[in-house]
Amino acid sequence: MTSSGSVGVVEPRRARFDQPLALRSGGLLPQYELVYETYGTLNAAHSNAVLVCHALSGSHHVAGIYADGLNNLGWWDNLVGPGKPLDTDKFFVIGVNNLGGCYGSTGSMSLNPASGKPWGADFPFVTVEDWVDAQAQLASQLGIEQFAAVLGGSLGGMQALAWTLRHPARVRHGMIIAAAPKLSAQNIAFNEVARQAILSDPDFHGGHYYEHGVVPVRGLRLARMIGHITYLSDDQMAEKFGRRLRHQGPQYHYGVEFEIESYLRHQGDKFATYFDANTYLLATKALDYFDPAFEYDGDLAAAFATARAKFFVASFTTDWRFSPERSRELVFALMHNRCEVSYAELDCAAGHDSFLLDDPHYHAALAAYFDNIEV
Amino acid sequence: MVRLTDNIRFDFDVIARWIAPGERVLDLGCGDGDLLMYLAEAREAKGYGIEHNIDHVVACIKNNVNVLKIDLEQGLAGFEDGQFDHVIMSLSLQAVQNTEGILTEMLRVGREAVVSFPNFGYWRHRVSINEGHMPVSDSLPHQWYNTPNVRFFTMADFEQLCEKRGIVVNERVAFDDDREITIDPNNYASVAIYRLGRSRS
């Protein structure tokens, strides 16, 4: 891609909401806070705002760096910045940590006003739709009546999709990348194994581990290891690690022998130091529950009857977690409703993770699409 | 916003004549979306392009044309019966392996199909073969060793296939460059354009 700049040093902000939020699970959040970041400038007409929704383990820190941690680069920094495909010279970009998240927005680690203790496992179940409704409240508070685009990959793509259904008048372009209109049984199965890893960790304490001063590190590690297996393609794993050993020949023990073991353990260890187990549980359940066609007897086309946005859908050939087939389902449902849609299926080796990388065709397609969004 | 390319292919004009205002069209092998842009401007046609080449997909997005990256060799699985007024394939049929399959699919998904292709029976091509070489011309610009074309057929061949498959030729226009050819087009036309329908049976 063309050379481009960074949004530079950024600072998260915090928005407070005292209107209760009704959740799909039946619960009610009496008040809540959302942590967010913005890049670029909101124009006078307030018509250039783009919301970037994060995936399972993402955050509001989409682009730029923090003054006190220069290595802390935003998770989609290769996409967002001046001169980048999502150009902050044109757009006002917002990243927000979802409800139930562990990066500062109200979640399991926050204090439950009823008990004065952290919510822990008592934090209500939140769904993709609840996240979207909370994001809509934030948009209103920021004076954004309508987003130029809502964009997301993976679980973030599901939020972008939900935006076009729940708030059709408030989003002009839905950009859904490496996502699916619902999880398959296999997807749910992987999530369930990850959850069981956490739930069965003796340090989990029924979700109230904060009070015990411990972290279910073993469960989190396992959950992340399982996740990482599904994020990479078989080919890429073979290419990156193959059967390479750390030592000369087999050692006949259960320590690290193969490079892939080393990689997974490293990813698991790292994750367990910063991510919250309750958030992981909540987010995987939000994934599992997501199914906009459910209320329409499984008819996805019927679910999109009210959609008014224009759509950009992208998938990656080696993504077996949310395969191209799942994106095509979405595209055909949109076409049934005569929605405007472009669909790019990209030849990338990196599996599900491809959506975070900067394949030239992928970024060229995004840049071209963003370029045509009128603000 | 919409900017038409400088050299509008002459078959576009014929195709546009066959499209009623506001129709829904699907353009198979849509390139950079130039035909769809032309039809949007000339006929307010709405629809989608299908492309397998990712560079063309990106070019379509740049041109603000709805495009779907789909491999035509897989047919049009997922598209609904009669979803479009016209399914168009402009100068691409000769590059598709599954000729019969795609023609059947076009008439399943579209009320009518519009197909244009280079006529292998064009007299200059015959001369070339007579002289011992595969033809290279404006309508068949590639060498035999680098052509994307995989099917070589004449207008007569195509009409025979239509007959065999119960496809009705509703209209036919043939050209030598931009000159319309009415007499013995299988010999004198370099490009043919057909408007096809399903047989009534």
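So, A:Gln236: if you skip its neighbours within four places in sequence, A:Gln236 is in contact with A:Ala349 and A:Ala350. You'll find A:Gln236 in helix α6 of chain A, residues 234-240. Is A:Gln236 buried or exposed? Its relative accessible area is 15%, and buried means under 20%, so A:Gln236 counts as buried. Keep in mind, please, that this is a predicted model.

Okay, on to strand β9 of chain A, residues 149-153. Five of its five residues are buried, so the rest of the structure largely encloses this strand. In a regular strand, side chains alternate between the two faces of the sheet. For β9(A), both of those faces are covered: A:Ala149, A:Leu151 and A:Gly153 are buried on one side, and A:Val150 and A:Gly152 are buried on the other.

Who are the partners of β9(A)? One is strand β5 of chain A, residues 49-53, which runs parallel to β9(A) and is joined to it by four bridges. If you want a landmark in that pairing, look for A:Val52, which stands opposite A:Leu151. Another partner is strand β10 of chain A, residues 173-177, again parallel and again with four bridges to β9(A). Here the landmark is A:Gly152, standing opposite A:Ile176 in β10(A). And how does the chain get from β9(A) to β10(A)? The path goes through helix α2 of chain A, residues 155-166, and that β-α-β crossover is right-handed.

Let's stay around the end of β10(A) for a moment. A:Ala178 sits in the loop between β10 and α3 of chain A, with α3 covering 185-199. Its phi is near 45°, so to speak on the positive side, in a residue other than glycine. A:Ala178 is also buried, with a relative accessible area of 0%.

Now A:Ile177, which takes us to the packing. In general, nonpolar side chains in soluble globular proteins tend to be buried together. Here, the largest nonpolar core has 174 residues, and the ones with the most contacts inside it are A:Ile177 and B:Phe79. Apart from that core there's another one, of seven residues, including A:Leu232, A:Met237, A:Ile260 and A:Leu264. Back at A:Ile177, and not counting neighbours within four places in sequence, the contacts include A:Leu151, A:Gly152 and A:Gly153, which are buried residues of β9(A). A:Ile177 also contacts A:Trp76, A:Phe312, A:Phe316 and A:Phe355, among others. And two more on that list are A:Tyr362 and A:Leu366, both of them buried residues in helix α11 of chain A.

That brings me to α11(A), residues 360-371. Twelve residues at 1.5 Å a residue should span 16 Å, and the end C-alpha atoms are 16 Å apart, so the two agree. Besides A:Tyr362 and A:Leu366, the buried residues in this helix include A:His363, A:Tyr369 and A:Phe370. Have a look at the start of α11(A) too: a side-chain oxygen of A:Asp359 comes to within 3.1 Å of the backbone nitrogen of A:His361.

One more helix in chain A, and that's α1, residues 128-141. It has 14 residues and reaches 20 Å from first C-alpha to last, close to the 20 Å expected. How many of those 14 residues are buried? Eleven, so to put it plainly, α1(A) is mostly covered. The buried ones include A:Trp131, A:Val132 and A:Leu138, but also A:Glu129, A:Asp130 and A:Asp133. After α1(A) comes A:Gly143, with a positive phi near 80°.

Last bit, chain B. B:His125 is in helix α5 of chain B, residues 123-130, and it's buried, at a relative accessible area of 1%. Leaving out residues up to four places away in sequence, B:His125 touches B:Asn119, B:Phe120, B:Pro135, B:Ser137, B:Ser139 and B:Leu140. B:Met37, in helix α2 of chain B, residues 34-43, is buried as well, at 3%. Then there's B:Asp184, in the loop between β7 and α7 of chain B. Its phi is near 45°, a positive value in a residue other than glycine, and B:Asp184 is partly exposed, with a relative accessible area of 40%.

Methods: Residues are numbered from 1 along each chain as its sequence is written. Chains are lettered from A and ligands numbered from 1 in the order in which they are written. This is a predicted model: local features need pLDDT of at least 70, side-chain atom pairs count only at pLDDT 80 or more; totals for chains, interfaces and linings use all residues. Side-chain values use heavy atoms; hydrogens and water are left out. Helices (H or I, at least four residues) and strands (E, at least two) are DSSP runs, numbered from the N terminus. Buried means under 20% relative accessible area, exposed over 50%, partly exposed in between (1.4 Å probe, protein chains only). The expected span of a helix is 1.5 Å times one less than its number of residues. Contact means heavy atoms within 4.5 Å. A nonpolar core is a set of buried Ala, Val, Leu, Ile, Met, Phe, Trp, Tyr and Cys residues joined through side-chain atoms within 4.5 Å. A polar contact is a pair of N or O atoms within 3.5 Å; within protein, one must be able to donate a hydrogen and the other to accept it, and residues adjacent in sequence count only if both atoms are side-chain atoms. Two strands pair if DSSP finds at least two bridges between them. A crossover is right-handed if, with the strands pointing away from the viewer, the path from the first strand over the helix to the second runs clockwise.
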